[in-house]
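Thanks for coming, everyone. Please have a look at the sequence and the fold on the screen, and then I will talk through one helix packing and the spaces in the model.

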Amino acid sequence: MRITDIQRCEVRPGRLVEWTLSPATVATASGLPEDSRPPAYIQESHLRTARCVREDGLFVPTWLGTAFDLPGQVDLDVLQAALRDWTLRHETLRSGFRWDGDELRRFTLDADTVSLRREVVGDFTDASALVRHLQDRFDVAADALAWPNLIYAAVVRDDGTSVYMAFDHSNVDAYSLHGIPADIHELYATGAEGCDRERPEPAASYVDFCEIERADADRIDEGHDIVGRWREFIRRCDGTLPGFPVDLGLEPGGRLPTQRMMSEPLVDADTAAAFEAYCRPFGGSLVGLLAATGLIVHELGGQSVYRTVVPFHTRVKSRWSGSVGWYVGGAPIEVPVARTPDLPSALRAVRAELQAARPLARMPLARVLRLLGADFRPTSPDLYSIVSFVDARGIAGSERWAEQKAYGLMRVSYGDQVCAWVNRLHEGLWFASRYPDTDVAYKNMRLYVERLRDHITSTVA
């Protein structure tokens, strides 16, 4: 799935229809007792960060979403039923949090109490006006500190309908978005054919995963080896978590800057295959991307060691593979790029680092930071910069994403870090990044992408 922002996902004019959880559903939720299953540490960290940033006077939208097309004349009643069925499949989407003093308390609706409200907003003849409306609407309806924090929309035209779905990050990760187009297409097709609708079997619950992961995390203490390894890593990062080690044109202590999105094809399918084949003896394309990044940031920034936190999914059991949630952990690596002058030596160094560090990704970083006792009062929605890689070709329906104009949407608002995503699609590698909106950052990010493309194409035999 191509990752981008809502400005670049081929929004076309039409009649806008929106769905939110109904007032009856919201009223039911307000009277629910506490669900004893706790938030995941990553959820709690996200919500506390959102609250801190809001208290500092800045509204920072953090929603993720997807966009895709349904062909032909679309029956809105059938589409609404498909959207509701899909929502009920994922328990986290009917679960939320309330603040009780400084503690978060979960509540969860029964599936039978969840319904959607449909509203016809009106006709849009100008794509730019429609984009502005969608972004503003999603900012409010998918707010981290409100509930519900999801919204669905459709832009209806004679020749087809574009579907948009937005969620606060607390309920979804980028990987969760990839399965949505095929799921909605399947549910819609079943309904359109007039088949008897049986509610789909629920996916494994992310709410259950939160309880399991948190119980496991709470068993460790400050003397655990994982905590010690993070402690040393943070010490070598001068007491903080690593940013992207090139000049981003930021003033120390300045206000949180606005961000920009960079989103473009990186290389074609043949070149992506050649790069994967070249990197396979060292662990594959992720290792290659990190090795190339280490060489590039050494060239651009001069650091002798490339330190970063590598995101890994925590869907370690197959039961979680089809579940919507935020299944992400981080592993710290340190690559001595001053001693790795070429790509093969950098590949060997990254492979060794990842093999040693990957187990650390299963322990939530928020738990580790709490045990370290460090003052990590978050002032940015991103604790650190990332370079992420996903080979999405095996995901159901991926071969039709280009035809369906399917996108993963990232809200670009404020932040002082660089977050970069590389997805392997059937068409090749796709690059997307959000980064601080400064002239210096733009220049260095363009250099980074150009050098990255050069390193990848250099592996073609």
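Let me begin with helix α10, residues 285–301, and helix α11, residues 343–357, which in this predicted model pack at an angle of about 115 degrees, with 8 Å between their axes. The crossing of α10 and α11 is right-handed. On the α10 side the contact is made by Leu 286, Val 287, Gly 288, Leu 290, Ala 291, Ala 292 and Leu 295, while α11 brings in Leu 343, Ala 346, Leu 347, Val 350, Arg 351 and Leu 354. Sorted by class, the contact of α10 with α11 holds 11 nonpolar residues, together with one polar and one charged.

Now to the enclosed space: how many cavities of 30 Å³ or more does a search of the whole structure find? The search finds one, and the largest cavity holds about 40 Å³ of space. Its lining consists of Cys 9, Glu 10, Arg 12, Ala 67, Phe 68, Asp 69, Ser 162, Val 163, Tyr 164, Lys 405 and Tyr 407, and the elements that contribute two or more residues to it are β3 (63–71) and β8 (160–168). By class, that lining divides into six nonpolar, one polar and four charged residues.

Finally, turning to open space, the second largest pocket has a volume of about 800 Å³. It is lined by 30 residues, and those lying nearest its centre are Gly 243, Leu 250, Pro 252, Asp 416 and Gln 417. The lining of this second largest pocket comprises 14 nonpolar, nine polar and seven charged residues.

Note on methods. Residues numbered from 1 in each chain as written. Predicted model: local features only at pLDDT ≥ 70, side-chain atom pairs only at ≥ 80, totals over all residues. Heavy atoms only, no water. Axes fitted to C-alpha atoms, helices over the stretch in contact; angles between N-to-C directions. Helix = DSSP H or I, 4+ residues; strand = E, 2+ residues; numbered from the N terminus. Left-handed = near helix turned anticlockwise from the far one by under 90°. Contact = heavy atoms within 4.5 Å. Nonpolar A, V, L, I, M, F, W, Y, C, P; charged D, E, K, R; others polar. 1 Å grid on protein atoms, 1.4 Å probe; cavity = no way out; pocket = protein on both sides within 12 Å on 5 of 7 lines; lining within 4 Å. Points joined across faces, edges and corners; volume = space filled by probe spheres on them.
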